[in-house]
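Please look over the sequence and the model shown here before reading on. The briefing that follows takes up annotated spans, nonpolar cores and a helix contact.

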Amino acid sequence: MTTVMGICRSFRDRAFARFFHCFPCLSDPARRSSWGLKVTLVMLHLIFVGILFIFDGDLIEKTKKEPRYTALYLLLLFATLVQYFITSSSSPGYVVDVMRAVNETNVIYQKSSMASKQPASSQNGSLNVVIEGSQSGRNFQGSNPSSWTKLVMDMYPPGTSIRSCTCSYCNVEQPPRAKHCHDCDKCVLQFDHHCVWLGSCVGQDNHCKFWWYICEETALCLWTGILYIMYLKANISRAWWKDAIMILLLIALSISIIFLLLLLLFHSYLVLTNQTTYELVRRRRIPYLRRIPERVYPFSKGICRNLYNFCCARSSIYSLEPLPSSQELEEKARPYTCLDILTCRCC
């Protein structure tokens with residue numbers, strides 16, 4: 001018996017070794033878990049939609065008469081799944097990538113005799129870094145960049161210790177709004193949260209993609225829920241086991257809709273005020289946000305500009321935001337007046 005078990009174990013190990021050799025991306029347990037979640041999410045979509053088309057004969061007849069209705073629904077399903085994979089495979093914006101680009105650009109400027117004419121990007125020219133704010137408002141295009149350490153320190157108030165803004169895990173200097181993710185084991189720019197379903201972080205570079213995914217997923221769940229209710233109204237007494245399955249799926253769908261709507265509203269609020277989930281939830285634990293009043297949004301530039309930066313900013317440009325000065329914080333904390341509303345101060 002022991003010999004048979006040893007042979008089976010050896011055969012299993014060789015089979016797994018060959019499988020991981022053919023698919024090296026699945027050799028990592030974290031990646032296997034991530035891909036397992038992706039497959040589960042796709043299967044859930046197919047189950048909810050497939051059962052609807054299998055049970056609902058009226059929907060099939062309606063599809064034959066009005067194919068555009070069903071085509072739009074299936075197009076939304078396809079777009080939602082595509083947006084999910086785009087979001088899950090996109091980088092959230094890692095600090096180490098920006099630091100490498102800045103240091104490479106600094107080397108180029110130092111070695112080149114025509115430093116003022118060199119583009120401010122990494123060697124492949126695919127990444128630009130912009131420093132916003134009135135104090136250090138610099139764009140790397142056309143000006144000599146300094147080292148990453150100096151750039152980061154310039155974004156903090158004078159007298160800030162470099163040790164206080166250095167990640168103890170990555171050993172890199174973190175600009176404001178960056179945080180180390182223990183799941184990804186990297187520091188992320190404008191860290192929002194680590195999404196289990198995506199298998200990656202949500203940060204500066206993919207927050208917009210994440211918002212659009214939530215929006216599409218919410219619309220898809222609402223449309224599917226309406227189709228489920230229409231089926232139950234027309235076929236509530238025909239076959240009890242079909243009704244039981246549809247009711248259970250509708251309950252699960254209703255819970256998902258409530259969660260997605262709340263999540264969509266929450267992230268819309270974050271976008272309008274230029275905040276992240278981490279900054280909102282852990283505000284009292286972030287050293288440079290402790291002294292700022294609760295209802296003051298230090299990084300907000302007005303609703304219109306916040307929306308523009310969120311929706312229209314190119315993914316090849318990373319925006320690093322310095323901490324606002326005391327004068328800027330006083331201006332943001334000033335109560336709104338009728339004149340401020342007429343002059344669109346909030347925008």
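**Annotated spans**

For "transmembrane region", the unreviewed UniProt entry lists residues 35-55, 67-86, 210-232 and 244-266; UniProt positions follow the numbering used here, feature names are shortened, and annotations may be inferred rather than shown by experiment. This is a predicted model, in which local features need pLDDT of at least 70 and side-chain atom pairs count only at pLDDT 80 or more, while totals for chains, interfaces and linings use all residues. Residues are numbered from 1 along each chain as its sequence is written, and side-chain values use heavy atoms, with hydrogens and water left out.

- Residues 210-232 are 100% helix and 0% strand, with end C-alpha atoms 33 Å apart; helices are DSSP runs of H or I with at least four residues, strands are runs of E with at least two, and numbering starts from the N terminus.
- Residues 244-266 are likewise 100% helix and 0% strand, and their end C-alpha atoms lie 33 Å apart.

**Nonpolar cores**

- The largest nonpolar core (buried Ala, Val, Leu, Ile, Met, Phe, Trp, Tyr and Cys residues joined through side-chain atoms within 4.5 Å, where buried means under 20% relative accessible area with a 1.4 Å probe, protein chains only) has 37 residues, and those with the most contacts inside it are Leu-52, Phe-210, Tyr-228 and Met-246.
- Helices α2 (29-55), α4, α7 (207-235) and α8 (240-273) each supply at least two residues of this core, and α7 gives the most, with 11 residues.
- Leaving aside residues up to four places away in sequence, Leu-52 touches Leu-59, Tyr-73, Leu-227, Tyr-228 and Met-246, contact meaning heavy atoms within 4.5 Å.

Conventions
Buried < 20%, exposed > 50% of the residue type's maximum accessible area, 1.4 Å probe, protein only.
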